[in-house]
Amino acid sequence: QVQLVESGGGLVQAGGSLRLSCAASGSIFSSMGWYRQAPGKQRELVATITTDSIDNYADSVKGRFTISRDNAKNTVYLQMTALKPEDTAVYYCWVRNWSLEYWGQGTQVTVSS
């Protein structure tokens, strides 16, 4: 059974930084990443990264967020800087191998203006 343990969410002022972590149990996943869902909105991709460190970002976070992973620890990170109130959302860890994908329970990120 795959377990994803997220940490690092919280409350921060606009312009501040936060770092999210997600540790996965089980096998190494070909893709890992983060999605977010703001109140009243659909879940959206934030960033993903492959085992070869090929990354992909939503346009709204490019230049501000950095995704990375430690394959030895089976952990994915999201360094968020220059946070804006519109970044406020529940952030979900996501992992995938072939057609199987798994989601974390979510961690709240709140950015105050």
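Let's start with Ser-68: its relative accessible area is 30%, so it counts as partly exposed, above the 20% limit for buried and below the 50% limit for exposed. Keep in mind as you rotate the view that this is a predicted model. Ser-68 belongs to strand S7, and it makes a handy starting point for a walk through the fold.

What does Ser-68 touch once its neighbours within four places in sequence are left aside? The contacts are Ile-49, Thr-75, Val-76 and Tyr-77. There is also a C-alpha separation to look at: Thr-48 is 20 residues away along the chain, and its C-alpha atom sits 8.8 Å from that of Ser-68. Straight across the pairing, in S8, Ser-68 has Tyr-77 opposite.

Now look at S7 as a whole. In a regular strand, side chains alternate between the two faces of the sheet. S7 can be read with that in mind: Phe-65, Ile-67 and Arg-69 make up its covered face, while Thr-66, Ser-68 and Asp-70 make up the uncovered one. So Ser-68, with its 30% relative accessible area and its partly exposed status, belongs to the uncovered set. On the covered face, Ile-67 stands opposite Leu-78 of S8.

S7 and S8 pair in the antiparallel sense, over 6 bridges. Zooming out, they are part of an open sheet of 4 strands, ordered S1-S3-S8-S7 and paired antiparallel. Strand S1 (4-7) and S7 are the edge strands; each has a single partner, so one side of each goes without a neighbour in the sheet. On average, neighbouring strands here are turned by 15 degrees against each other, ignoring direction.

Next, follow the chain from S7 (65-70) to S8 (75-80), and you'll pass Asn-74 in the loop between them. The hairpin has 4 residues between its strands, and Asn-74 takes a positive phi near 55 degrees there. Most residues other than glycine have a negative phi, which is the reason to pause on this one. Is Asn-74 buried or exposed? With a relative accessible area of 5%, Asn-74 is buried.

Ala-82 comes after S8, in the loop that leads on to strand S9 (89-97). Ala-82 isn't a glycine either, yet its phi is positive, at about 50 degrees. Here the surroundings read another way: Ala-82 has a relative accessible area of 36%, so it is partly exposed.

Time to go inside. The largest nonpolar core has 28 residues, and those with the most contacts inside it are Trp-34, Leu-78, Met-80 and Tyr-91. Leu-78 is the residue we met opposite Ile-67. Which elements give two or more residues to this core? They are strand S3 (18-24), strand S4 (31-37), strand S5 (44-50), S7, S8, S9 and strand S11 (107-112).

Tyr-91 is worth selecting in your viewer. Not counting residues up to four places away in sequence, its contacts include Leu-20, Trp-34, Val-46, Phe-65, Leu-78, Met-80 and Val-109. Glu-6, Arg-36 and Thr-107 are also among the residues that Tyr-91 touches.

A covalent link comes next. A search of the whole structure finds 1 disulfide. Cys-22 and Cys-93 form it, with their sulfur atoms 2.0 Å apart. The torsion about the S-S bond is about -85 degrees, so the disulfide is left-handed. Since Cys-22 lies in strand S3 and Cys-93 in strand S9, the pair ties together parts that are 71 residues apart in sequence. At 0% relative accessibility, Cys-22 is buried, and Cys-93 also counts as buried, at 0%.

Finally, the rings. A pair of aromatic rings is described by the distance of the centres and the angle of the planes. The model has 3 aromatic pairs. For Tyr-35 and Trp-103, the ring centres are 5.0 Å apart and the planes stand at 70 degrees, so this pair is edge-to-face. Tyr-35 lies in strand S4 and Trp-103 in strand S10 (residues 100-103), so the contact bridges 68 residues of sequence. Tyr-35 counts as buried at 18% relative accessibility, whereas Trp-103, with 35%, is partly exposed. Ring pairs link both of them with Trp-94 into a cluster of Tyr-35, Trp-94 and Trp-103.

How values were computed. Residues are numbered from 1 along each chain as its sequence is written. This is a predicted model: local features need pLDDT of at least 70, side-chain atom pairs count only at pLDDT 80 or more; totals for chains, interfaces and linings use all residues. Side-chain values use heavy atoms; hydrogens and water are left out. Buried means under 20% relative accessible area, exposed over 50%, partly exposed in between (1.4 Å probe, protein chains only). A nonpolar core is a set of buried Ala, Val, Leu, Ile, Met, Phe, Trp, Tyr and Cys residues joined through side-chain atoms within 4.5 Å. Contact means heavy atoms within 4.5 Å. Two strands pair if DSSP finds at least two bridges between them. Axes are lines fitted to C-alpha atoms, for helices over the stretch in contact, and angles run from 0 to 180 degrees between N-to-C directions. A disulfide is a pair of cysteine sulfur atoms within 2.5 Å. Rings of Phe, Tyr and Trp (its six-membered ring) pair if their centres lie within 6.5 Å; planes under 30 degrees apart count as stacked, over 60 as edge-to-face and the rest as tilted.
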